[in-house]
Amino acid sequence: MATTCRSYLLFLLLSTLTCRAAFVAIDFGSEWTKASLMSPGRPIDVLLNTDSKRKMQSVVAWNKEERSFGIDAFNLISAATIVEDAERHTCIVQRPDGSHWTVEELVGMQFMYIKQLAEQESGEKIAEAVVTVPPYYTQFERQAVVDALQIAGLKPIALINDGLAVAINYAMPRTFSEDEHHIIYDAGASSITATIVTFSAQPITTPGQILKSSKNATQVSVQSFGYDTVATGMELDRRLRDHLVQLFESSHQKPVRSNQRAMARLWKEAQRVKSVLSANADAVVRVESLLEGVDFKDSVSRAALENLAKDLRSRFSQPIVHALDAAGMTMANISSVILTGGISRIPMIRSAVQEIVGDKIAVSVNADEAAVLGAAFYGATTKSTWRTKDMRFQDTGAYDVQLKYRKESSSKELLTPVFTPRSRVGATSGKKLTFPKRTDDFAVTVSYKNMVRPDFPEDIMKVHFLDVADALANMTKVETIQPPHITAAFAYSDSGMITVEDAHMVAEIKDTSSTVNTSTEEQAENPLIKDEPKAPQRISTPLRVQVQHLSVTPMTEEGKVAARGRLASIVEKEAAKSHRDEAYNNLEGYLYRLRDLIDGDDDTPFKEFVQPKELLSLSKGLAEALDWLNDEADAADAQLLWKKRNDLEKIEQPVITRYKEGASGPSALKDLQKAHALARAFLMEARENRTLALEAGDPARFTEDELASVETTLDSSEEWLREGLTKQRALTKRDDPALRTADMESRGITLQKMVKSLEKKKVPRPKTTSAPRSTSESPASATDSAKDSEPTYDRDEL
């Protein structure tokens, strides 16, 4: 019993671990989003959306109260107004119905949509996610993504820079015997980034290991990056859209800029044309009924697009230059430039890059999916339940970060650097700072040293160190060697966010009790021997730390709880509407089908099997249901809609049963008659063999009771069938059948099982008798003879 309980508990534990192992990886781009479901037993691959597409537009839109995602949302023209959120110093979206939605809530909706897709695919709850972000994202942007994940009901495993994600995907199938430096060039909708990554092999060591391991882990280390947020895919879309506006207005003399719907349709057409021009020299522009019923048709050449973006050409390669400068490298150190991102396929961009890197351009990864697949692998390495290739990752920060604070008892402001653009991110990123001579509570401001981007705030947060006076009072009760000081540990989290891990007041005190005593005799013999004091003892008292967010304020816990409630309410309403729409469509389709049956020709199968009273009832019920559907169904819920169908199906069901019986009955009758014949033949042969065995004095294979049981069942079934056939001959197709298929199949199966069970019995061996023992046999011979006289059996009989 105890073993069973332990096994059951182990099963529950393993089941829990398996469920918790599933997570999603999300490459959330400004234009496109890709996701990967990671679940035990499932290979690393991209998650398909409801349209079986491997990527979806990063769009959420409303059609009245119904939300849409992906291509459905992209095809909607959903009006909204962006207004300022003065309290949090950010912006919110206001819909025409007056509802307000924060950026975190809108992104959270898309994360929740991906979560629902993953749960439908895996059949289990998904509670964690890895998300890729651009390496230049600040603390404010990263915090917003984390808040959006939490609103969607997802715990962030980590936010990883998309350059590192692509590098992981590149390294997955490869090994590196020596250090290699590569540039990940990611040209996307909202930015172009260049990330320098070093791939190397590092020995795998474990705590306490002395000898060097023969196995190596692949180390992926980010050295630096550069970026540009002007020369982007969206900027090309905007310029091409404006070019299409000029073509339309010059051709039709109609102003189009004031029409939001027309401008949105031109933006979509500009995106399509840009994609076509990546592979073709010319593209046809076609927008039906663009404005006031006027169709727009024209053409754009690749040369025209390149002319529109000629001032951006030099910017396409600048991220590479900046990354090389930051890492202190040249192109001679670089093995290849790996292209990824949607617009990296544009010839103009590839040509600009080639001018800088020469022939080192490589198309070694899937430009659309490398980031999400790398993020999925990263997430798997954080789970003990996953067995993956041994890889280690190291990312870097993006900006110079400093502390600003007042000197003790002075108005002088001090500046202390904390992180540089090449500071490590993650567990090894901790940095301890010392604040001497502090006697009371104080605060430091964490800020970016330089402007990160135009019109972007620099101050991140203010950290308050509290209970300093109390900690100092405790320190003064003991004899300290030096005045106490305060230490505070700052670090980058795995998501690249600055955190304050702890703060302590620290002092060193004399330990008068810890001396090495020598005896009087030893001192007398050697007067140079003296007591040796030990090292000073270090003591510390933790301080209370309070973080005050500056500039862009994150969502509060209460705000996130309220947002989750709003989304849950929307999801619940949408599910109810979906079920109601399904019930409505089901009823409507059923009524139209039933109408076609009733109004059909007289020689149809339905008319052959329906009784006049049933036809009358169905006709009356159908007319009432159609009237109700047109007049009252809009206010009905799913339950009432299903009831309306069920009421009519109860009248129709006997007709369906008779039709099915008419189709399947003859075959079932033939099978039953065949079963009767086979069972009768078996009985005749079995009785004949039994008589012969008994006459020969041999055991019979079957007992009389066994054969009698089969015969009784057979006689009963044959009598039932004769009576049923007599009744059935007097019936028409409109009458309920006297013989039902299920009954005939059941009786036939019962007979077959009884006969097969007896046929499996082994034929007993005939009895044998031993010869009389000779009086002259020796004991040994007698023994052998006795053994020979023992009955023998087939191996199967034993």
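## Asp459 and Lys404

In this predicted model, Asp459 has a relative accessible area of 26% and is therefore partly exposed, since a residue counts as buried only under 20% and as exposed only over 50%. Asp459 forms a salt bridge with Lys404, and the closest N and O atoms of the two side chains are 3.1 Å apart. Because Asp459 lies in strand β24 (residues 459–466) and Lys404 in strand β19 (residues 401–406), the pair ties together parts that are 55 residues apart in sequence. The partner, Lys404, has a relative accessibility of 21%, so Lys404 also counts as partly exposed.

## Asp228 and Arg315

Another salt bridge joins Asp228 to Arg315, with 2.9 Å between the closest N and O atoms. Here Asp228 belongs to strand β13 (residues 216–228) while Arg315 belongs to helix α9 (residues 313–316), so this pair ties together parts that are 87 residues apart in sequence.

The two partners fall into separate classes of accessibility: Asp228, at 6% relative accessibility, counts as buried, whereas Arg315, at 32%, counts as partly exposed.

## Asp390 and Arg392

Asp390 forms a salt bridge with Arg392, and in this pair the closest N and O atoms are 3.0 Å apart. Asp390 has a relative accessible area of 31%, which makes this residue partly exposed, and Arg392, with a relative accessible area of 32%, is partly exposed as well.

## A network and the overall count

Side chains of opposite charge can pair when their charged atoms come close. In this model, such pairing also extends to a group, since Glu235, Arg238, Arg239, Arg241, Asp242, Arg257 and Asp311 are linked in a network of salt bridges. With a side-chain nitrogen of Lys or Arg required to lie within 4 Å of a carboxyl oxygen of Asp or Glu, the count comes to 47 salt bridges.

## A negative surface patch

Charged residues appear in another setting too, for Glu624, Asp627, Asp631 and Glu632 form a negative surface patch. The residues that make up a patch have over 30% relative accessible area and no salt bridge, and Asp627, one of the four named here, has a relative accessibility of 48%, so that Asp627 counts as partly exposed. Within the fold, Asp627 is placed in helix α17, which covers residues 612–631.

Terms used:
Residues are numbered from 1 along each chain as its sequence is written. This is a predicted model: local features need pLDDT of at least 70, side-chain atom pairs count only at pLDDT 80 or more; totals for chains, interfaces and linings use all residues. Side-chain values use heavy atoms; hydrogens and water are left out. Patches are made of residues with over 30% relative accessible area and no salt bridge: like charges are joined within 9 Å, nonpolar side chains (Val, Leu, Ile, Met, Phe, Trp, Tyr) within 5 Å. Accessible areas come from the Shrake-Rupley method with a 1.4 Å probe; for residues, only the protein chains shown count as cover. Lys and Arg count as positive and Asp and Glu as negative; His and the chain ends are not counted. The place of a charge is taken as NZ of Lys, CZ of Arg, CG of Asp or CD of Glu. Helices (H or I, at least four residues) and strands (E, at least two) are DSSP runs, numbered from the N terminus. Buried means under 20% relative accessible area, exposed over 50%, partly exposed in between (1.4 Å probe, protein chains only).
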